[in-house]
Amino acid sequence: MAFVTYILLSTLLAGLRGQFHPEVMGLTATTAFVVVLLEILGLKFGTYVLSISNDSQLLDLVAYSGYKFVGVIVTLVVSETLNRGAGTGGWAGWTVFTYTFMANALFLLRSLKYVLLPDSSSATPAGSSMHTVARSQRNRRTQFLFIYSYVVQFFFMWILSRQDGGRRSPALAQAQVAGAAAAARVVGS
């Protein structure tokens, strides 16, 4: 739900700024989808490299990936309101972004800790798939969890909260003008 809300909100804000064009929705949706896909692939690759055998399903990872959109939506709404339509720049945008990023990162750190760092101090029931992890392996997993929760999330949330989707690139604008001119020649002949 937050994924679709993010796409619609970004498109709405571009329209309110007078920068809407039909490609905005497609560009925003593609960017959001690529971010989610890269995040899930990165998580799966990290669990494979670190030999983490967990029972988490793909939908669980998609759900964890979707939490960042809530923070980005809050950042967009509050900063757009406080900056009077100037976008997410300025002190208000960065303050809200920092808060929502830190809240999301802390949530992911605490939630994924149980998946990536199984507790070796508690007694495991018979038939359980949990096993004791060596100290060096646990350190690598902790570093992966930190990098995923803070560094990767900061990068992805920053990409999603940038509001340049409403501005056309010069190459796109030139291609649209050339396409319109060609269409006018066909209609005129």
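1. Let me start with burial: of the 189 residues in the protein, 35% are buried. Please keep in mind throughout that this is a predicted model.

2. On the overall fold, the protein has six helices and zero strands, and the pattern along the sequence reads α-α-α-α-α-α. Among contacts with a separation of 6 or more, 75% join residues that are 24 or more positions apart. The points below look at some of the places where such distant parts of the chain come together.

3. Helix 1 and helix 2 are a good pair to begin with. Their axes are 9 Å apart and make an angle of about 145°, and the crossing is right-handed. On the helix 1 side the contact involves Phe-3, Tyr-6, Ile-7, Leu-8, Ser-10, Thr-11 and Ala-14, which meet Val-24, Met-25, Thr-28, Ala-29, Ala-32, Phe-33 and Val-36 of helix 2. Sorted by class, this contact has eleven nonpolar and three polar residues, with no charged residues.

4. Next come helix 1 and helix 3, which pack at an angle of about 25° with their axes 9 Å apart. Helix 1 is therefore roughly parallel to helix 3, since angles under 35 degrees count as roughly parallel. The crossing of these two helices is left-handed. Helix 1 contributes Ala-2, Phe-3, Thr-5, Tyr-6, Leu-9, Ser-10 and Leu-13, while helix 3 contributes Gly-66, Phe-69, Val-70, Val-72, Ile-73, Leu-76, Val-77 and Glu-80. The classes here are eleven nonpolar, three polar and one charged.

5. You may like to follow Glu-80 a little further, as this helix 3 residue appears in the contact with helix 1 and also forms a salt bridge with Arg-17. The closest N and O atoms of Glu-80 and Arg-17 are 3.3 Å apart. Glu-80 belongs to helix 3 (residues 58–82), whereas Arg-17 sits in the loop between helix 1 (2–16) and helix 2 (23–49), so their pairing ties together parts that are 63 residues apart in sequence. Glu-80 has a relative accessible area of 11% and is therefore buried, the cut-off being under 20%.

6. The third pair is helix 2 and helix 3. Here the angle is about 130° and the axes are 10 Å apart, so the two helices are oblique to each other. Their crossing is right-handed. From helix 2, Ala-32, Val-35, Val-36, Glu-39, Ile-40, Leu-43 and Lys-44 take part, and they meet Leu-58, Leu-61, Val-62, Ser-65, Lys-68 and Phe-69 of helix 3. By class, the contact of helix 2 with helix 3 has nine nonpolar, one polar and three charged residues.

7. How many salt bridges does the model have? The count comes to two. Besides Glu-80 with Arg-17, Glu-39 pairs with Lys-68, with the closest N and O atoms 2.2 Å apart. Glu-39 is in helix 2 and Lys-68 in helix 3, so this salt bridge ties together parts that are 29 residues apart in sequence. Glu-39 and Lys-68 are both buried, and both appear in the contact between helix 2 and helix 3.

8. Glu-39 also leads us to a later part of the chain. Its C-alpha atom is separated by 8.1 Å from that of Val-152, although the two residues are 113 residues apart along the chain. Val-152 lies in helix 5 (residues 135–161). Is Val-152 buried, exposed or partly exposed? Its relative accessibility is 26%, so Val-152 counts as partly exposed.

9. Finally, do have a look at Leu-50, in the loop between helix 2 and helix 3. Leu-50 has 8% relative accessibility and therefore counts as buried. Which residues does Leu-50 touch, not counting residues up to four places away in sequence? They are Gln-137, Arg-140, Arg-141 and Phe-144. For Leu-50 and Phe-144, the C-alpha to C-alpha distance is 8.8 Å, with their positions 94 residues apart in sequence counted as the separation.

Key. Residues numbered from 1 in each chain as written. Predicted model: local features only at pLDDT ≥ 70, side-chain atom pairs only at ≥ 80, totals over all residues. Heavy atoms only, no water. Salt bridge = Lys/Arg side-chain N within 4 Å of Asp/Glu carboxyl O. Helix = DSSP H or I, 4+ residues; strand = E, 2+ residues; numbered from the N terminus. Buried < 20%, exposed > 50% of the residue type's maximum accessible area, 1.4 Å probe, protein only. Axes fitted to C-alpha atoms, helices over the stretch in contact; angles between N-to-C directions. Parallel < 35°, antiparallel > 145°, perpendicular 65-115°, else oblique. Left-handed = near helix turned anticlockwise from the far one by under 90°. Contact = heavy atoms within 4.5 Å. Nonpolar A, V, L, I, M, F, W, Y, C, P; charged D, E, K, R; others polar.
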